[in-house]
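This briefing goes through one protein chain by topic, starting with a sheet and ending with the loops. Please keep the sequence and the model in view while reading.

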Amino acid sequence: MKLSYTVYLLLNFLSLYDCNDAAQGCMDKHRVMGILHQMEKFLKGQEIRFTEGLRIMKSKLTNLQNSVSKLPQADQSSSQSSCPPLLAPAHGRKFGSKYLVGHEVHFTCSQGYRMIGPGTRVCHENGTWSGVSVICKAPPEWSVMNDPAFSHKPRCAKVDRAQHCSCDAGFHMSGTSDNSICQDVNECEVYKADRGGPLCGHSCVNVPGSYHCSCPTGYKLLTDGRSCEDVDECLTQQHNCSRGTTCINTGGGFQCVNPECPPSHSNISYVKTSPLQCERNPCPMESRSCPFAAKTISYHYLSLPSNLRTPATLFRMATATAPGRPGPDSLRFGIAGGGDARSMFVMQRSDRQTGELILVQPLRGPQELSVEVEMSEYAERTFQAKHLARVNLLISPYEF
């Protein structure tokens, strides 16, 4: 109000001063200048007050915004003051009927049933329960009902006018408090349910109050009472191989083998130099194909468990040079023939004088298969001789 009135007076003075100096109504110049000077000071003061007022107003707005931002978020979850109702699990009970924030609900399972999940759940501020839903899982068949050896009455005694009953180790109490019975715990099934795997390496046998592991024929139980190991019938002289045959131990048994040399053909013939090796007879001078035939043929038998982890080195082949004679300066290794062998095996050099046969695909037993690997000798890039090894694999039906 004061500022608008001041502007009005300033305009009146300017209109009075806008005249000729000689006119009667004109004011004195010095007086006008004085009034203008006062008006200028007044306007500067008003400007300072206006600026200060704006600054104060901005400061108050900033403080108000900061105060509002510190208030809790008013989202929908804050309005939740309870959680949805919970049901008792099948074959179990629920304790607690309040579903407000911070309240707890407890669960138990009927006798003989195993609880999966938390026994207590808490209502959170966001309207959800802690943990996951509770399940009461039925136990495996823990007893043989028609055999009295697997169930008996518990031992009971009264202590402070209350009756307390207990069962022997390897039994669990079943039934009601008035008609309880001790039933055998089937450790084989319990271990499988809890651990997700078998208790024994081969077969688990449940007996009253305990268990024992058994192994298939041809295997023996190790000192840990759970693992099985193959019995080497050849080493322990538990075989019936006749004279002239060789005993080969297999998973759970043995084989009597007597490999024969290849039949003669095209001036190429072999003679048996040991039970598991044949050597080529000297080649005729006029034969061109004989020198390229295998100089030696050896037979090898490997007993393997089923589903052996791959890659696995099965067999090594190396050259042998007679004393005083120069050996080959180069060797080449490979798998003879084709078929499935090339997809299941690879032959690679492990060092300058040795090649390795490697299994690259798991083999499931029981089965038998053979693969032939060859080693060629070269001297100054000229072929000298070839050696053949026939590897017979005997895969056990078991993975041990």
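Six strands make up an open sheet of mixed pairing, in the order S17-S18-S19-S25-S24-S21. S17 and strand S21 (330–335) are the edge strands; each has a single partner strand, so one side of each is left without a neighbour in the sheet. From one strand to the next, the twist averages 25°. The model is predicted, and the values below are computed from it.

**The chain as a whole**

- The protein chain contains four helices and 25 strands.
- Of its 400 residues, 27% are buried.
- Among contacts in the protein chain with a separation of 6 or more, 43% are between residues 24 or more positions apart.
- About 26900 Å² of the protein chain is exposed, and carbon and sulfur atoms supply 53% of that area.

**Pairing within the six-stranded sheet**

- S17 pairs with strand S18 (residues 277–280) in the antiparallel sense, over four bridges.
- The connection from S17 to S18 is a hairpin of two residues.
- Ser 274 has Gln 277 in S18 as its bridge partner.
- On to the next strand, S18 and S19 are also paired, in the antiparallel sense and over three bridges.
- Gln 277 stands opposite Ser 298 in S19; Gln 277 is thus a bridge partner of Ser 274 and also faces Ser 298.
- S19 and strand S25 (residues 382–395) run in the parallel sense, with nine bridges between them.
- One of the residue pairs here is Ile 297 with Leu 388, the latter in S25.

**Helix H3 and what covers it**

- Glu 187, Cys 188 and Val 190 are buried in helix H3 (residues 187–195).
- Viewed down the axis of H3, the buried residues fall within an arc of 165°, so they line one face of the helix.
- As background, an α-helix has 3.6 residues a turn, so residues three or four places apart point the same way.
- The cover over the buried residues of H3 includes strand S11 (203–207) and strand S12 (210–214).
- Gly 196 follows H3 and has a positive phi, near 75°.

**Cis peptide bonds**

- Where do the cis bonds next to Pro 311 and Pro 366 fall in the fold? Pro 311 is in the loop between strand S19 (296–304) and strand S20 (312–318), and Pro 366 is in the loop between strand S23 (354–359) and strand S24 (367–379).
- Thr 310 and Pro 311 are joined by a cis peptide bond with omega about -5°.
- Gly 365 and Pro 366 are likewise joined by a cis peptide bond, and omega there is near 0°.
- Both loops touch on strands of the sheet described above: S19 precedes the loop of Pro 311, and S24 follows the loop of Pro 366.

**Positive phi outside glycine**

- Gln 237 has a positive phi, near 60°, and is not a glycine.
- This residue, Gln 237, sits in the loop between strand S14 (228–230) and strand S15 (246–250).
- Is Gln 237 buried or exposed? Its relative accessibility is 60%, and Gln 237 therefore counts as exposed, the cut-off being over 50%.
- Asn 267 is not a glycine either, and its phi is positive at about 65°.
- Asn 267 belongs to the loop between strand S16 (253–257) and strand S17 (270–274), and S17 is an edge strand of the sheet.
- With a relative accessible area of 52%, Asn 267 is exposed.

**Other loop positions**

- Pro 148 is placed in the loop between strand S5 (135–137) and strand S6 (151–152).
- The relative accessible area of Pro 148 is 69%, so Pro 148 is exposed.
- Pro 148 and Pro 208 are 60 residues apart along the chain, and their C-alpha atoms are separated by 9.6 Å.
- Gly 117 is in the loop between strand S3 (114–116) and strand S4 (120–122).
- A relative accessible area of 38% makes Gly 117 partly exposed.
- From C-alpha to C-alpha, Gly 117 and Cys 136 are 8.8 Å apart in space, with their positions 19 residues apart in sequence.

Note on methods
Residues are numbered from 1 along each chain as its sequence is written. This is a predicted model: local features need pLDDT of at least 70, side-chain atom pairs count only at pLDDT 80 or more; totals for chains, interfaces and linings use all residues. Side-chain values use heavy atoms; hydrogens and water are left out. Buried means under 20% relative accessible area, exposed over 50%, partly exposed in between (1.4 Å probe, protein chains only). Two strands pair if DSSP finds at least two bridges between them. Axes are lines fitted to C-alpha atoms, for helices over the stretch in contact, and angles run from 0 to 180 degrees between N-to-C directions. The arc is that of the directions from the helix axis to the C-beta atoms. Contact means heavy atoms within 4.5 Å. Accessible areas come from the Shrake-Rupley method with a 1.4 Å probe; for residues, only the protein chains shown count as cover.
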